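User: I have a structure in front of me and want to learn how to read it. Can you take me through a few features?

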Amino acid sequence: MFDKESGLLQGTVELLVLKTLSWGPMHGYGVASWIETVTSDALRVEEGSLYPALYRMAQKGWISAEWGLSENNRKAKYYRLTGEGRRQLRKQMSGWQRFAAAVDAAITSTVAPSWSR
Amino acid sequence: MKEPRKLPFIPGKPAAEVESELRFHLEHRIQANIAAGMTPDEARQAAVERFGDVEGVREECARLLTADRRTQRRRDWLDDFRQDLRFAARSAVGAPMFSLLAIVTLALGIGANAAVFGVVKSVLLNSLPYEDAGSLMRIRTPIKALGDEVGSVSAGTLSDLRERQRSFTTFGAWLSERDAIYDPGDMPQIVKTQWVEPSLFSTLGVRFIVGNNFREEDAGRDTAFVTVIPWKTWQTTFGGVPDVVGKQVRLNNIDRTVVGVLPRDFVMPEGDADYFYPMGIAPFMRDPISVRGSHNFGLVGRLKPGISFETADRELRAIGDELEKLYAKDNLGIGMIGQPLRDSIVGDTRTPLIVLLASAALVLLITCANLAGALLSRTISRRKEFAVRVALGAGRGRLVRQLLTESVLLAVAGGIAGVLLAMVLLGTLRSLSLEAIPRYADLSLDTGALIVTFFIALFTGLLFGLGPALSVGKSDPQSSLRDEARGSTESVRTRRLRGGLVAGQIALCLSLLAAAGLLGRSLWEMTHAPLGFSSDRLLTFTVQLPNARYPNGTTRGNFHAQFTEQLKALPGVAGVAITSALPTTIANRNGLFVENRPWGPNEPVPFMVTSRVSDDYFAVFGIPVKQGRAFSSADIAGAPPVAVISQEMADRYWPNGDAVGSRFRWGPPNPDQPWTTVVGVAGNVRNSPTALRQEPMMFFPLRQQPFGDTFAVKTSGDPSVLTNAVRTALRGIDPGLPMYRVATMENVVDRGFAARRLPVLLMMGFGVLALLVSSVGIYAMFANMATAREREFGVRMALGSSRGAVASLVLQQGGVWMALGLILGAAGVFTTTRLIRSQLFGVGELDLLAIGAAVVVLLGCAGLALLVPVRKATRVDPITVLR
């Protein structure tokens, strides 16, 4: 899902994780499942590649890890957005939207380039 | 999403943590797959496929987590450290008197160590200013019977050594320094010259900064027409001009051409000169008597690569034995040894330096013990603060760390002040330019010394902080909080710790004081032991007669007679003596051959200290002539040769008391030499003021051997006021003769002690410092004890106890520790006195006077120190205390 071959940018993975955790603390499996659900499995690739991304983000201080009990009372590692993570999310969201809008504008353009006329 | 229930986060092993997280993921996926209708096997396979490279992810995550944890730990540590440091600084400022006292004490302790280490490093550790100095060896031919390690080499031995040896690549020999008259035209002055083989500079690996070394052919002539100058001469006499090579300098009425300049840091392995002349040993080889009879040369050799000092020394000893057999007439009893050049230069300085280093370390240990005691009191008064912090969740480890940070901060501050102090001390030492310190030693604190000092400070801080810090770590916060409200007595453990610290201080202090006392007594014995002559009211100076104008005995004798007459005519002059060397400074020694008593085949020729003296010498120096007569005007050149010998010499070689009238020959064995008749026996004179040994001496009349240029003028008043009158008189006879080495005889004798005096004075300084610090420690112990038991004393007194009983209670409690200190100190004294044994003079190793004085001084100071607290304890007012 998030590895290099999938063509997804590292930054995209991070943005998706930040967005997911903005709903509240969640474990790795929950993060992966939620992303797959909301994207309707469109980005469904190898789930394992999510974990190194989580560890890197923890190291950067965007998310923090803690132990908690899962829904079925199992010990699980939960990730939580930090203040810095929240700032990152806002920054990356607006960046992504500008990027997507620009690409969208280009591919939906009906004005032909001058050299094709 | 709702908040999960939190579990305490306990960081486990990164690998296990990652493993559990991934397993959680896979198991959930399998559950989901089964729920979607797969069989368990299918579900498992699909989950793994969907996850991807489980192994790879696990490894990468473990690596990332490990790195993260490491940075986290470092960050936490730094945060804690910063916090501790801030807190330590605050608490140091909060108790300014305590901090100031601690820093001053530490500055003294650390400063003493840094200064002594600076000297030790400069003298013993810094490299000698020669290339590859580690393979240079000093070669000597000592008289075996004396057990000394000194002895110059004869020309014959040098030549034989060069042929026989296989351990060395090159050798360089030199002669001891001589005075010469440098006459730039207006004002003649005395300079020092030294003859050296051209190979000396190349053996030492000297790189000339201007010009070059001598050429081999320069060494072939009997007169030196070229000279090599040291950096100092280049700067002072030639103004440091770059084109100094080729310039002429007139020395002893002969022009010599400068060919090279030695580098600034160059020092001779022995001696010191303003001008060097090239020397070859060929002329010395021509004289059949002096070739093996005169031991004149200093010698260094450079070892071949791979040859050890031990191997070379063994070879030298073997060659020495061979030559002794081969030339028994001259070499009997003379050996040959080699020693590393550094050892030979450092010589006698090593032991005093190590003693000083040990003393400084003792002072620092006492300082540590003292501060530990002071810190202990401070932690006790801060007990409540610590108890609160522990109760609020501070770990004991954190508390201990906090306290150690405080003590290390104090120690580092003290260390910085100490380094400044040491720099001042070393600067003073440098300006004294003592002969006791080898000239290559720069006496500065370089980076290495600063690093060592920093670690000393760090170590000191940990050492004195550890005990008090641990005592806090162990105390029970609950009882502390409760007790503190009522000001209870000290715990048994702190009392023991404090007592132990005081006992340690007393023990160390006693060891140091005993050593200082012994050395002090040695110095006193040395300076007060009778020298055998009177140095009272004597002005001494040297007038060298250049060969060019005073070529023979007649001209010299005339000068001596004329100048003596003029001096005697000066007001305030009671007598005039001329000699080849002043008492206590005679270096000349000659072999002795007694008539009708030939030395046996295994009897080495004994050597006598030799001096040439004028008729009035014995009278002027107050040396008694015990038998026979002193010299008279009848003992002239051409008359039968005569000598006066010392009592020691008479007793040794004419034990039947028949010395007067007996005859002997002296110097290198020479059957053509006329016999010299003993005409008198004089009292013994100690030639080395720092040794008790009485060396046999012989005196010859200056009239028969007119080689003496040192004058001693006995005055009726202060001798130094006569200097100008003497100078004027000399100028009246010959204005071209400079008068130099002007000093009173007392100064001359005193200079001989200088090397011995400095370490003793320093040692005593350390002793005083130790005494002060320990006294403060003893005072603090009693003061704390008295304060801690104030309530108890109040109760006792309320119940009818007398003041005396209370005082004896305090004294008993403290006295036990002082007694323990004295017992430990006895062991310390035993050890330190052993270390300084070789430095003692005329005092036994366990001299009761010195050690007793140390004990008395220590107990006296301790008594003073405990007077106030004990008095205070007896003045406790039961009503105030118990309210």
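User: How many residues does each chain give to the contact?

Analyst: Two residues are in contact if their C-beta atoms, placed from the backbone, lie within 7 Å. Here 27 residues come from chain A and 25 residues from chain B. This is a predicted model: local features need pLDDT of at least 70, side-chain atom pairs count only at pLDDT 80 or more, and totals for chains, interfaces and linings use all residues. Residues are numbered from 1 along each chain as its sequence is written, while chains are lettered from A and ligands numbered from 1 in the order in which they are written.

User: Which element of chain A gives the most to the side that touches chain B?

Analyst: First, the terms: helices (H or I, at least four residues) and strands (E, at least two) are DSSP runs, numbered from the N terminus. Helix 3 of chain A gives the most, with 6 residues. Among the elements that each supply at least two residues are strand 1 (26-27), helix 2 (28-38) and strand 2 (63-69) of chain A.

User: How do the residues of that side of chain A divide?

Analyst: Ala, Val, Leu, Ile, Met, Phe, Trp, Tyr, Cys and Pro count as nonpolar, Asp, Glu, Lys and Arg as charged, and the others, Gly among them, as polar. This side has 12 nonpolar, 8 polar and 7 charged residues.

User: What pattern does chain A follow along the sequence?

Analyst: The pattern is α-β-α-α-β-β-α. That comes from 4 helices and 3 strands.

User: How do I read the packing of two helices, such as helix 1 and helix 2 of chain B?

Analyst: Fit axes as lines to C-alpha atoms, for helices over the stretch in contact; angles run from 0 to 180 degrees between N-to-C directions. Helix 1 (residues 14-35) and helix 2 (residues 40-51) of chain B pack at about 130°, with axes 8 Å apart. That makes helix 1 of chain B oblique to helix 2 of chain B. Angles under 35 degrees count as roughly parallel, over 145 as roughly antiparallel, 65 to 115 as roughly perpendicular and the rest as oblique.

User: What about helix 23 and helix 26 of chain B?

Analyst: The axes of helix 23 (residues 745-788) and helix 26 (residues 848-874) of chain B come within 8 Å and cross at roughly 25°. So helix 23 of chain B is roughly parallel to helix 26 of chain B. Their contact has 16 nonpolar, 1 polar and 1 charged residues.

User: Is Thr584(B) buried or exposed?

Analyst: A residue is buried if 20 or more other C-beta atoms lie within 10 Å of its own, exposed if 12 or fewer, and partly exposed in between. Thr584(B) has 21 other C-beta atoms within 10 Å, so Thr584(B) is buried. Thr584(B) lies in the loop between strand 15 (573-579) and strand 16 (589-594) of chain B. Leaving aside neighbours within four places in sequence, its contacts include Leu531(B), Arg686(B) and Val748(B).

User: Which residues touch the most other members of the largest nonpolar core?

Analyst: A nonpolar core is a set of buried Ala, Val, Leu, Ile, Met, Phe, Trp, Tyr and Cys residues joined through C-beta atoms within 7 Å. The largest has 97 residues, and Cys509(B), Phe766(B) and Ala770(B) touch the most other members. Helix 13 (residues 350-381) of chain B gives the most to this core, with 18 residues. A second, separate core of 57 residues includes Phe171(B) and Met336(B).
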